[in-house]
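Here is a friendly walk through how two chains meet, how a pair of helices packs, and where some charged side chains pair up. Have the structure open as you read.

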Amino acid sequence: MILKGKVYGTAYTFNSVRDVLAKASEDKSGDRLAGISAVTAAERVAAKLVLSELTLEDIYNNPVIPYEKDEVTRVIYDGINTTVYRKYKNMTVGALRETILDHETTGNDLANISRGLTSEIIAAVTKLMSTLDLIVAAQKMRYQAHCNTTIGLPGTLAFRCQPNHPTDNPQGILASIKEGLSYGSGDAVIGVNPVEDNIESYTRVIEVVSEFIDRWQIPTQNCVLAHVTTQIAALEKGAPVHLVFQSLAGTQKANEAFGFTVKTLDDAYELALRQGAASGPNVMYFETGQGSEVSLECHEGVDQQTLESRCYGLARRYKPFMINNVSGFIGPETLYTGKELTRATMEDLVMAKLHALPMGVAQCYTNHMKADQNDQEVANTLSALAGANFFMGIPGGDDVMLSYQDTSFHDNATLREILNLRPCPEFESWLEKMGIMENGRLTKRAGDLSIFND
Amino acid sequence: MATEENLESMIVQNVLKELAKNGFLQNVKTASVPQVSETPTHRSIVNDADEYIELPPISEILIHEPIHKETVAALKAMTPARIGVGRAGPRYRTTTLLHYLADHSQAQDAVFLDVSDEFLQRMGIFEVQTQVSDREEHLTRPDLGCRLSREAREKISVNCKKNVQVQVFVADGLSSKAIESNVAELLPALIQGLQGEGITDIGTPFFVKYGRVRVEDEIGILLNAEVVVELVGERPGLGTANSLSAYIIYKPTEKTVEADRTVVSNIHMGGTPPVEAGAFLAGLIKDILKAKTSGIKLTTG
C-alpha cells in the first residue's frame, strides 16, 4: 500500500487511508472546520491519485474507525457478503470507477458488486467521480421498496408531502397536506416533523394524518418524524404507524448524541414489523446528511462524505422503504455554497444507490448559506435526472416549522413534467379519481386545495 | 421631440427606476432620481414621486377560480405556510415568486451585511472583533466566533469596568438587521429596567463583530462579571430576518455548557417588542442574581 503521490514533481505524503480519503474529498466547509481537508488543489489531486491505486482490500483492512471501537463499523463489516468481497478485493479504486461506468456493467451487476463493498470503499470510488460520472452511475441503479405502495419503479418520481406547522396545529397540517395532494405530491409518504417530541403529541399528529388518509382512501404511507424512542413508545400503545423514522449519523458517538444505538434501531425495526399498521416488508424511513458528525464534534477525524456513506451502511441493515439526505440543512459550517450543496447531493445519491438503497434527496438550504433558490433548483434537477426515488414537497418551498428551504409542491409537479415521470402507479390512479391528474398531466383543477372540502 | 441627449438620460432614468422597483437599488429613492424634463410628454412616463410597486399581502388567494373560495381562505388562515398560491403551468405565479425572493433577500442581507458604523456611532458603543477575519469565515468557522482577538481583549480590558454585577454586550451573530432594528430600543430599556430593579453596578456595553453565543464566556471570565448578557442576532427565517436573542449566563467558566444559559429569543416587533423585552430581561436577571445560577438549574431550582 503506497500512501505517497507526486503531482508535477511535487511530492505529497499521507499518513493513513483515512487521511487519503479526507484529502481526496471535494472542498467542503465541514472538512475545513474539522481541519482534515486538503490545503491546496494539488494536494487534493495527489490524494485522489493515491486513492485510485489503493485496492479495495487496502481500504477494507483499514476501517476509518476501528471495528472494536465503533458499532457502525461493526454493522458495515458484519453485513458484507464475503464471497463478493473476495472476488473484487484486488481491484483498485480507479478500476472500480471504470467498472461502474462501463457500458457492459448493468444495474444488476452493480447490485451484486454492492454486496461486497464497505461504505468506505463506496465513498472512495465516488471521490474519483465528476458530476456527470455520478449521474451515469446513478442512472444505472434503481431500487424499489414496498410499504403500502411501491416506490422507485422506473419511470416514476415520488414525493414526501411535508406539511409541517409551527405549533403542530392539526388543521394547519391538514391544510398543507391538501395543498400538496392537489399538486400530486404525497405518494412517497405524508411525513410530518412534529414540534413537540412526546408520545401524546406524536400520537395526536399521526392520528390526524392517518384519519385523513383513510377518509380519502389515499394509497400512501404515514410517518411522524419524532425521535425513534418516542415512536417505539407510541407503537407499543397501538398508534397507527406505517413508517418508523430516525436521523442517522456515521459514527457511534454521533448516534449516541442523537440518543440511540444499533440496539434501539433493531428494536424499532422489529416492533414496526410486528405491530405497525403497514403492509411492509419495508417499514423504516431514515434521514442522513453530510456534516452532522462535525457539527456534533463526533467526526473522529473522518471526512463528512465518508461518514455519510457509513450512514448508508447502517441503514441497509433495516431494508428501509425510504432514505434521503438533507444536504444543506445543518448550515454553512458543513456546506457553505450552492456548489458544495450540489456536489454533496450527487455524491450522496450515488453512495446510497451503491448500497442498494431506495434513495431520495432533500437538497436544501438555510438562510445563512451562500446559496439561493437557483442553486437548490439546479441540484434538484440534477438529482432527478440521476434517478432519485423521491424528493420533499413543501408549500412554496418554505418550511415554516424547521426554517429552511426545500423542494416545493410546484417543483414536484415541474420535475415530473420536464422529465416525463409519473407518480407511483396506485397514487396516480387515485389522482385520476380525484380529478387532479389525467394521462400523467395535471388537470386544470390541480392546485385547488378546496377540492378536499369537508 | 426629445433630443438625443434627452433620450439617453430618459433611458438611464427608467432603468434606474426599474432597478429600484426590483429592489436592486434599495437606497435610491424615486425622488432622488434626477428629473429629465418638465414637458408633459415626459411626465406621462415618469411615475409620481410617492407611487411605488409593492408586494400584495401574502394572505391573497392566487388560485384561478377555486371551487370553494371560502374554504381556501379558511385553510390559509390555519397556517403560515405558503398555500392557496395557485400556479402558472407547473410553476409559481409571478407574485408568489417575487414574494419568496423578497423574503429571502431580507434574510440574506441580514446575514451577509455588516452592522453599520453609523449605527454603532449613534449608539455610542465601541466595537471589537473575534478571531474571525471576514464574513465567510464567520459563517464557516463558528469556533473562531467564540474567541476574542488579542486586540479585542485589550480594548475591552481598557474600556470596561471589572467585577461588575451585570455586563451587557451586543454581537451580530447571524443577523445584522436584528441588531439595527432592536438594540436602539432594547439596550436603554434593559439598562433602565435593571436600575429600576435596584441593580446599578452595570458594565460598559460594547459591540462584538463576528460574534457567536459562546463568546460571552470569555468576556465574562475576562471582566469577572457576575452575570453576562449577550444580545445576539438570530439565524433569519424566511419570514423574520430581524429577530434577536438574549443569552444570559451566571459566572461563566471554560467548562460552561449550553444548558447553563438562560435564553430569551424572538425579540423583535413581530414577537416580543424590544422595549417590553428590556423590562422582562431585567426581571429575569434579578432572579438569576438572586438564585446565583442560570440555565436549566434556574428553572429546575
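In this predicted model, 24 residue pairs, both partners at pLDDT 80 or more, are in polar contact across the interface of chain B and chain A. On the side of chain B that touches chain A, the elements giving two or more residues are helix H3 (69–77), helix H4 (94–112) and helix H6 (135–140) of chain B. Of these, H4(B) contributes the most, with 6 residues. Sorted by class, the residues on that side of chain B are 21 nonpolar, 9 polar and 8 charged.

How many residues does each chain bring to the contact? Chain A supplies 50 residues and chain B supplies 38 residues. Together the two chains bury about 3,700 Å², and 57% of this area lies on carbon and sulfur atoms. Within chain B, the residues that lose the most area to chain A are Arg87(B), Pro90(B) and Arg235(B), which together make up 16% of what that side buries.

Now to the charged pairs. Side chains of opposite charge can pair when their charged atoms come close. Over all chains the structure holds 36 salt bridges, and the count between chain B and chain A is 3. Here are two salt bridges to look up in the viewer:

| Residue | Partner | N to O distance |
|---|---|---|
| Glu377(A) | Arg91(B) | 3.4 Å |
| Asp19(A) | Lys23(A) | 2.6 Å |

The pair Glu377(A) and Arg91(B) joins a side chain of chain A to one of chain B. Asp19(A) and Lys23(A) are both in helix H1 (residues 17–23) of chain A; because they are 4 residues apart there, about one helical turn separates them.

Let us finish inside chain B, with a pair of helices. Two packed helices are described by the angle between their axes and the distance between the axes. For helix H8 (residues 176–196) of chain B and helix H10 (residues 274–291) of chain B, the angle is about 35 degrees and the axes lie 7 Å apart. The crossing of H8(B) past H10(B) is right-handed.

Which residues do the two helices bring together? From H8(B) come Asn182(B), Glu185(B), Leu186(B), Ala189(B), Leu190(B), Gly193(B) and Leu194(B). Facing them from H10(B) are Pro274(B), Val275(B), Ala277(B), Gly278(B), Ala279(B), Leu281(B), Ala282(B) and Ile285(B). By class, this contact of H8(B) with H10(B) has 11 nonpolar, 3 polar and 1 charged residues.

How values were computed: Residues numbered from 1 in each chain as written. Chains lettered and ligands numbered in written order. Predicted model: local features only at pLDDT ≥ 70, side-chain atom pairs only at ≥ 80, totals over all residues. Heavy atoms only, no water. Contact = heavy atoms within 4.5 Å. Buried area = accessible area lost by both parts, 1.4 Å probe. Salt bridge = Lys/Arg side-chain N within 4 Å of Asp/Glu carboxyl O. Polar contact = N/O pair within 3.5 Å; in protein donor to acceptor, adjacent residues only side chain to side chain. Nonpolar A, V, L, I, M, F, W, Y, C, P; charged D, E, K, R; others polar. Axes fitted to C-alpha atoms, helices over the stretch in contact; angles between N-to-C directions. Left-handed = near helix turned anticlockwise from the far one by under 90°.
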